[in-house]
Amino acid sequence: MYPQFSIVEITLNMIFSEVSAMVEERTTLSEDNIPDKYRQPTTEYKGRIVRNYKEFVTYSSSSHVRIWYNNQTEGYELHSHDAMEAFICIQNNYEIHVNNTVYKLKEGDILIIPPNMPHEYVNDKYGIRFIYLVEMSYFFDSHDYSTIEPLFFNGMLINEETCPDIYKNVYNLFMDINSCYFTHSNFWETTVYSKLYQVFIEVAKHSENNLKDETSNSSQSMERINSLLRYMDINYSEEMSTKQAAEFTGFSKFHFMRLFKLQTGYTFHDYLTLKRIHMAQFMLLTNKPITEIAFESGFSSLPSFCRAFKKYTNYSPSDYKKLRRDSIETEHGTL
C-alpha cells in the first residue's frame, strides 16, 4: 500500500472545484456541463452510435483515440467495439458488467476492457468518470500482448487493493494521457500510445510480482509460462491436459497449477476454454457453419461448445453470430 499516496485525492479535488457550481443531476453528455479543460479538442464529434449491440467508434480528429469526460446520470446499454476501453471512476461509484463479471467501481478505480468484449454501464446518479477508447490492433497482435492477455479476458480492475504494486504508476499514466489528449499538444497521439504501452508494461510487472512468493526465480518461471501462452496462441484447438501443459513448462503438475493461476488469474482449463471462445468469436463473423467453428476452435462436440459459449458470453453462438453480422451490415450499409 502507499500511505503517502495522494494523487487521486489531488486530482479529485481539482476536478471537484471545477464543477462545484454545476447542477447535481445530469441526464446528457452536453458540452455545456463539462469543464472547459475537458471539452473535446475537436468539434467533428456527433455522439456515440450503437447498432445491434455494436458501437461504431468515432475517434478524434482522424486519430485512433477518443477520451470522454463523462458525467451522465444514465447508464449505457450492452455493447461491444473493436477498441480497447479503459474506465476511471472519479466521483461516486459506478457499476459495469463485463460478460458475466460485475464490477462495482469506487472513486479512483481503473477498469480495462479488451476489444470485442460485451459490456454495459449500470448507473442512475450523477458522477464523474473518464472513458478511454483506443485502437490497439498492432499491439494486440504482438507476442508481448499474449503474455498479459489472460488478465483482460473479463476486464482487469486496478486499484490499491487489487494491484497495490502498480496502481500509483498506472493512475499517473492515465492522468498524463488526459493532459496529452485534451490539449492536443504536439505529437499527442504518439504520446498517448507510448503511455498506454507503459500501462501494459506495468501490468506485466504485476503479473511477475504475483509469482515472487511462489518461486525464487520469478522471471524464469514467468518466461516458461509465457512460452506456453505463445504456444497456445497457435495450438489452442489441440487437445491439451493440465498434465501436458505442466510438462511443457517443466514444472510439476501442482506447482504449475499454482503458478499459472497466479500469473494469469485463471486455471489452465478455464484459460484454454476462454481462449477457444475468443477465437470462435472471430470465426462466427465468417460464413462457416457453427458446427465447423466448434471443432476448429477445439471443442469436442457442438453441445459442449454451445454450453461454454453461453456461459462465458451470455449469448448462444447463433445469437452472437446474428448480432455481429447485423452490426457489420449496418456499418457498411445504412450507417
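This passage describes a four-stranded sheet and the surroundings of threonine 313 in a predicted model. Residues are numbered from 1 along each chain as its sequence is written. Because the model is predicted, local features need pLDDT of at least 70 and side-chain atom pairs count only at pLDDT 80 or more, whereas totals for chains, interfaces and linings use all residues; side-chain values use heavy atoms, with hydrogens and water left out.

The 4 strands form an open sheet in the order S4-S9-S6-S7 with antiparallel pairing, where strands are DSSP E runs of at least two residues, numbered from the N terminus, and two strands pair if DSSP finds at least two bridges between them. Strands S4 (76-79) and S7 (101-105) stand at the edges with a single partner strand each, so one side of each has no neighbour in the sheet. From one strand to the next, the twist averages 20°. Strand S4 is joined to the antiparallel strand S9 (residues 119-122) by 2 bridges, and tyrosine 76 stands opposite tyrosine 121 in S9.

Threonine 313 belongs to helix H11 (residues 302-313), helices being DSSP H or I runs of at least four residues. Threonine 313 is buried, with a relative accessible area of 2% (buried, under 20%; 1.4 Å probe, protein chains only). A polar atom of its side chain lies 2.6 Å from the backbone oxygen of phenylalanine 309, and the side chain of threonine 313 also reaches the backbone nitrogen of tyrosine 315 at 3.2 Å. When residues up to four places away in sequence are not counted, threonine 313 touches Asn99, Ile277 and Gln281 (contact, heavy atoms within 4.5 Å).

How values were computed
Buried < 20%, exposed > 50% of the residue type's maximum accessible area, 1.4 Å probe, protein only. Polar contact = N/O pair within 3.5 Å; in protein donor to acceptor, adjacent residues only side chain to side chain. Axes fitted to C-alpha atoms, helices over the stretch in contact; angles between N-to-C directions.
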